[in-house]
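Visitor: I would like a walk through this structure. Please keep the answers short and show the reasoning.

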Amino acid sequence: MTDDRTVEDLLRTFAPQVLGLLVRRHGQFDRCEDAVQEALLAAATQWPEQGVPDSPRAWLLTVATRRLTDEWRSESARRDREVAVALREPAYVQVAPPADAEPAVADADDTLTLLFLCCHPALAGSAQVALTLRAVGGLSTAQIARAHLVPEATMSQRIRRAKQRIEAAGARFDMPAPGEREERLRTVLRVLYLIFNEGYTASSGPDLRRADLTREAIRLTRVLHGLLPDDGEVAGLLALMLLTDAHRAARVGADGELVPLAEQDRTRWDTAEIAEGVALITEALTWTPPGPYQLQAAIAAVHAEAPTAAQTDWRQIAALYRLLARIAPNPMVTLNQAVAVAMVDGPRDGLALLASLDADERTAGHHRLAAVRAHLLELAGEPDAARAAYLAAARGTTSRPEQRYLERRAARLAGQR
């Protein structure tokens with residue numbers, strides 16, 4: 001018998017490679033993706049009992065190709081096309097290559113092309129995330145639905161509509177033109193970042209984090225870094241994920257409650273992830289101009305290298321946030337910058353910076369703005385105002401761990417009156 005985790009890792013590694021080969025050979029992304037999912041299901045059922053085949057990719061490719069062939073043969077409307085194809089092409093192109101054969105196109109190229117396709121600009125962000133997790137990540141619809149706390153039928157419809165929209169947009173299984181490639185890569189990075197963030201701090205539900213999503217985001221970003229080792233922003237995003245994920249064991253208390261960064265037991269941080277993240281961002285910053293993900297990773301590295309919260313180099317963090325705000329202005333950047341400014345120049349200066357967000361429709365009324373304001377008001381010695389802001393933040397979030405944390409902060413301040 002084979003360990004289930006070993007099988008899962010193999011399936012997620014080979015899923016995008018097999019799908020890429022099928023789509024490049026046959027087109028019809030929708031049908032090929034369904035066939036690969038059926039092959040993955042067959043493998044997940046058979047491999048743990050029968051053992052992993054000598055060439056897992058060839059096995060998956062053979063099964064998925066047979067699924068496609070069976071489907072085509074069962075549809076009378078496609079019989080004429082099959083005859084025409086059979087007359088044009090030798091029979092061997094309709095079956096998988098032997099296990100020791102090299103694919104016609106490098107796996108790396110297909111995986112990268114597949115990422116670009118799943119993050120097609122015709123799709124909404126939520127659809128890009130779902131399709132990436134299924135087509136490139138190899139997750140089942142049920143797994144993706146559980147991770148996002150929606151019914152499987154709802155997620156199935158979302159994925160189906162995404163594939164139909166890609167087909168309707170006339171998307172081809174090719175790398176984007178050079179003029180579009182940079183913009184499309186940034187979309188891929190944003191999608192991977194969204195997957196990680198949703199896993200690290202779940203936006204809703206009873207749990208603080210969803211480990212499947214963070215683990216998959218890191219794995220996919222590692223794949224992307226392997227494909228594009230000279231891209232500083234890809235390296236920066238991987239470093240940011242590793243440095244952030246290193247806190248996971250310390251950010252949840254024994255009772256399952258949220259533990260803020262300043263109160264975490266740093267001996268529980270993952271030193272291997274920190275070392276890898278620091279090395280990645282240090283190297284990236286030596287040979288590429290700093291981009292948004294690199295700067296965020298550099299900030300995370302400063303936090304990670306501080307032996308205690310009191311020894312955090314807030315001046316360096318504030319300087320990095322100033323640079324980040326210049327090259328990638330964003331309300332969430334301002335939100336975090338306000339905390340750094342408060343730690344360097346005092347809470348009043350931080351609150352003044354926060355005030356600029358009150359008129360921004362992207363953050364006005366957002367629970368994170370209220371939570372940061374509450375923290376700075378508490379530092380400024382205004383417990384009543386801080387308590388009201390904590391309670392407002394608690395009402396604004398749908399994450400139960402965050403709600404409980406914010407309510408506890410408010411209750412503690414009530415006792416100081």
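Visitor: Which helix holds T187?

Guide: Note that this is a predicted model. Residues 178–200 form one helix, and T187 lies within that range. The helix is α9.

Visitor: Is T187 buried or exposed?

Guide: The cut-off for buried is under 20% relative accessible area. T187 has 17% relative accessibility, so T187 counts as buried.

Visitor: Which residues is T187 in contact with, leaving aside its neighbours within four places in sequence?

Guide: Contact here means heavy atoms within 4.5 Å. With those sequence neighbours left aside, the contacts of T187 are C119 and Q128.

Visitor: Q128 belongs to α6. How many of the twelve residues of α6 are buried?

Guide: The helix is mostly covered. Among its buried residues are Q128, L131, R134 and V136. The count for α6 is ten of twelve.

Visitor: How far apart are the end C-alpha atoms of α6, and what span should its twelve residues have?

Guide: Helix α6 covers residues 125–136. At 1.5 Å a residue, its twelve residues should span 16 Å. The distance between the end C-alpha atoms agrees: 16 Å.

Visitor: Which residue just after α6 takes a positive phi?

Guide: The angle is about 75 degrees. The residue is G138.

Visitor: Which residues touch the most other members of the largest nonpolar core?

Guide: Nonpolar side chains tend to be buried together in soluble globular proteins. Here the largest nonpolar core has 116 residues. Those touching the most other members are F29, L60, L224 and L354.

Visitor: Take L224. What is L224 in contact with, leaving aside its neighbours within four places in sequence?

Guide: Sequence neighbours within four places are set aside. The contacts of L224 are then L112, L115, L185, V188, L189, L192 and V234.

Visitor: How many salt bridges does a search of the whole structure find?

Guide: A pair counts when a side-chain nitrogen of Lys or Arg is within 4 Å of a carboxyl oxygen of Asp or Glu. The search finds 29.

Visitor: How many residues apart are K163 and D30?

Guide: Their side chains meet in a salt bridge, at 3.1 Å from N to O. K163 is in helix α8 and D30 in helix α2, so the pair links distant parts of the chain. Both residues are buried. Their separation is 133 residues.

Visitor: About how many helical turns separate R219 and E216?

Guide: This salt bridge has an N to O distance of 2.7 Å. E216 counts as buried, at 1% relative accessibility. The two residues are three apart in helix α10, so the separation is about one helical turn.

Visitor: R404 forms a salt bridge with E257. How far apart in sequence are the parts that this pair ties together?

Guide: The closest N and O atoms are 2.6 Å apart. R404 lies in helix α19, and E257 lies in the loop between α11 and α12. The tied parts are therefore 147 residues apart in sequence.

Visitor: Which of the two counts as buried, R404 or E257?

Guide: R404 has 26% relative accessibility, so R404 counts as partly exposed. At 9%, the buried partner is E257.

Visitor: Which residues do salt bridges that share partners join into one network?

Guide: K163 and D30, the pair from helices α8 and α2, both belong to it. The full network is D30, E33, D34, R134, R160 and K163.

Terms used
Residues numbered from 1 in each chain as written. Predicted model: local features only at pLDDT ≥ 70, side-chain atom pairs only at ≥ 80, totals over all residues. Heavy atoms only, no water. Helix = DSSP H or I, 4+ residues; strand = E, 2+ residues; numbered from the N terminus. Buried < 20%, exposed > 50% of the residue type's maximum accessible area, 1.4 Å probe, protein only. Core = buried A, V, L, I, M, F, W, Y, C linked by side-chain atoms within 4.5 Å. Expected span 1.5 Å × (residues − 1).
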